[in-house]
Each structure stands twice: as C-alpha cells, then as structure tokens.
Amino acid sequence: MTETAAEVSRGKGGRSMAHSPVKIAIERVSKDFTTRKATTHALQDIDLQVRSGELVSLIGRSGCGKTTLLRIMAGLVPPSSGNVVVGGKQLWNGPAVETSVIRQLGVVFQDPNLFPWFDVVDNIALPLKLRGVGKSERRRRATELAELVGLGGFGGSYPRELSGGMRQRVAIARALSCDPELLLMDEPFGALDALTRERMNLELQRIALATEATVVFVTHDISEAVFLGDRVVQLTPRPGRIEDISEVSFARPRDIDVQTTAEFGAIVRHLRHALEGEM
Ligand SMILES: Nc1ncnc2c1ncn2[C@@H]1O[C@H](COP(=O)(O)OP(=O)(O)OP(=O)(O)O)[C@@H](O)[C@H]1O
C-alpha cells in the first residue's frame with residue numbers, strides 16, 4: 001500500500017475487523033489448468049484471510065484468475081495445491097468438497113440464472129426447496145428476503161417482467177436464502193448501467209450490514225471495489241498472485257458521495273497506478 005493510501009485508511013474511524021474470527025482462509029492456493037494443448041498457470045501461492053463480517057473486493061486485470069479464485073472458494077473448481085478453510089473446516093479434500101462447508105456459502109454470478117417459469121418467490125426459495133424446507137416456511141422466508149432486497153410487492157412477478165437490476169436482486173436474495181455466512185460474488189453488477197449499479201452497491205452494503213454476512217466481491221471496477229470493500233485485494237497478471245492489499249476505512253454505511261472525497265480519489269489512484277504498472 002502506498003503511503004497516501006495508508007494515510008487515507010488511518011484516521012477515518014472506519015470499522016476494524018482485526019478481532020473478528022477468520023471466516024475463510026486461503027492457504028498457498030495455486031491452480032493450473034491443463035488441456036491437451038497447454039498448461040495455464042492461473043494462480044500461484046495465494047494466501048488470504050477474510051474475517052467474519054468483512055467485505056473484501058478482488059480486482060486485477062482480465063485473465064489474472066479472479067473468477068478461478070472465487071470458484072475455488074465456492075467449491076466449484078479444486079485447487080491444484082493449497083487449502084481453503086471455511087469457519088475452521090477444510091473445504092477441499094483432494095477433488096472432493098466437504099458438503100457441510102458448502103452449505104455455509106452463497107454464490108452470485110454476473111448472470112442471475114433465474115428459472116423463467118418460476119416467479120420471484122419461487123426462484124428465491126429454490127435452495128430451500130432443495131433442502132427439503134416445507135412450502136409455507138420457504139415462501140415465508142423468500143417473501144421476507146424479497147423485501148430485504150427491495151422487491152416487496154414483486155413476489156409474484158416472473159423474471160421476464162423484471163429489470164436487470166431487479167433480476168440480480170432476486171439472485172442475491174436466492175443466495176441469502178440459506179443464511180450463508182459467506183457470500184461470494186463474481187461481477188454481480190457487471191451487466192448493469194452505471195446508475196443501477198450504484199444503487200445496487202448501496203443495496204449490497206445495506207444487506208451485508210443487515211445480515212452480517214462476510215462478502216468476497218470480484219469486480220473490474222476500481223471505484224466499486226473501493227466503495228464496497230473494507231479491503232481491496234489486487235492480483236497480478238497470470239499467474240495471479242497477491243500484488244497489493246489496500247485498506248478502506250470509511251465508516252459504514254457509506255454514502256455514494258464518499259466517492260467525491262479526496263481520500264476516496266487517492267485510494268482509486270493508488271490502485272489504478274498499481275494496475276497500470278503491470279502493463
Ligand atoms: N476451465 C478452464 N480451462 C482452461 N483454462 C482456464 C479455465 N478457466 C480459466 N482458465 C484460464 O485461467 C486464467 C484465469 O481465468 P479467470 O477467468 O479466472 O480470470 P479473470 O481474472 O476472472 O478474468 P476476467 O476478468 O476476464 O473475467 C485465464 O488464462 C483462463 O484462460
């Protein structure tokens with residue numbers, strides 16, 4: 001972290017996670033993809049701890065391995081080496097995942113992946129259905145979550161009747177339906193226009209504070225990363241290694257106007273220079 005960014009992160013009176021327990025620990029994780037033609041070294045020796053209730057943004061140039069790292073954390077792609085420990089339990093056992101750990105996770109991708117023939121409530125309730133929760137209880141919970149993500153009154157609407165931002169809210173509510181302790185998000189707002197994205201950033205912050213979820217958030221957008229993150233983790237180009245971790249200590253809830261402050265600008269500039277330095 002540069003001196004400027006370090007100075008910015010001190011003295012803002014933001015929340016400190018130093019004493020919260022570690023929710024997810026990534027320990028010397030490396031990942032190679034081997035195809036018939038070549039081997040791609042996607043990630044190398046990633047060490048990162050995210051504390052309970054913390055919101056960590058993950059940035060880096062295209063192809064540096066952000067999605068791969070998130071998918072390893074989500075139990076979707078096994079690491080080639082290293083460990084992922086969630087709430088003290090090992091996620092990966094060779095290529096197999098520990099299902100009790102997976103149950104602590106909620107995952108949101110850029111594409112909301114909703115079922116077109118289910119209404120909002122049924123889309124949100126799907127993970128509960130898969131876990132055998134009874135119909136009235138899952139509809140009650142899904143309706144509550146629809147309210148939480150600002151979709152009160154849209155429970156009976158179908159995905160085709162919703163805007164992109166509303167669909168993404170459904171995906172977030174669905175990810176929250178099983179009360180995940182850890183929310184993993186891969187460019188969830190990447191396809192939205194700038195204003196909707198700004199609103200969704202505020203919503204996500206509100207939801208994260210309300211649910212006390214720990215969040216890891218992948219984005220290409222430096223301002224979004226700084227606005228949302230307690231820390232911004234930057235990966236190097238392939239193979240992805242941790243290049244920089246910047247602390248962002250603005251108090252929460254953050255107002256969108258924080259982006260106009262000199263301190264915010266200084267952190268964004270620091271990260272932009274670090275990314276440009278990699279070219
Ligand atoms: N299933 C796969 N098989 C082979 N190579 C893969 C596979 N998945 C990812 N890769 C390679 O791993 C590297 C990292 O990809 P990844 O999608 O994680 O990057 P990223 O940082 O998320 O990129 P972007 O910002 O463009 O989404 C890339 O070189 C990619 O081609």
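Modeller: Before we start, a crossing is called left-handed if the near helix is turned anticlockwise from the far one by less than a right angle, and right-handed if clockwise. Keep in mind that this is a predicted model.

Colleague: Okay, is the crossing of H4 past H6 left-handed or right-handed?

Modeller: Start with the geometry: the axes of H4 (residues 120-130) and H6 (residues 164-176) come within 7 Å and cross at roughly 35 degrees. From the H4 side, Val-120, Asn-123, Ile-124, Leu-126 and Pro-127 meet Val-170, Ala-173 and Arg-174 of H6. As for its sense, the crossing of H4 past H6 is right-handed.

Colleague: And how many residues in that contact of H4 with H6 are nonpolar?

Modeller: Go through the classes for the contact of H4 with H6: 1 residue is charged and 1 is polar. That leaves the nonpolar class, which holds 6.

Colleague: Over to the sheet: which strands are at the edge?

Modeller: It's an open, antiparallel sheet of 4 strands, ordered E2-E1-E4-E5. E4 (residues 81-86) pairs with E5 over 2 bridges, and Val-85 has Gln-90 in E5 as its bridge partner. An edge strand here pairs on one side only, and that picks out E2 and E5.

Colleague: Now the ligand. Which element gives the most to the shell around it?

Modeller: The ligand is surrounded by 14 residues, with Phe-33, Ala-42, Ser-62, Thr-67 and Thr-68 the closest. Strand E2 (39-51) and helix H2 (66-73) each supply at least two shell residues. One of these also lies across E1, E2 and E4, and with 3 residues it gives the most to the shell: H2.

Conventions: Residues are numbered from 1 along each chain as its sequence is written. This is a predicted model: local features need pLDDT of at least 70, side-chain atom pairs count only at pLDDT 80 or more; totals for chains, interfaces and linings use all residues. A residue is near a molecule or strand if its C-beta atom, placed from the backbone, lies within 6 Å of it. Axes are lines fitted to C-alpha atoms, for helices over the stretch in contact, and angles run from 0 to 180 degrees between N-to-C directions. Two residues are in contact if their C-beta atoms, placed from the backbone, lie within 7 Å. Ala, Val, Leu, Ile, Met, Phe, Trp, Tyr, Cys and Pro count as nonpolar, Asp, Glu, Lys and Arg as charged, and the others, Gly among them, as polar. Two strands pair if DSSP finds at least two bridges between them.
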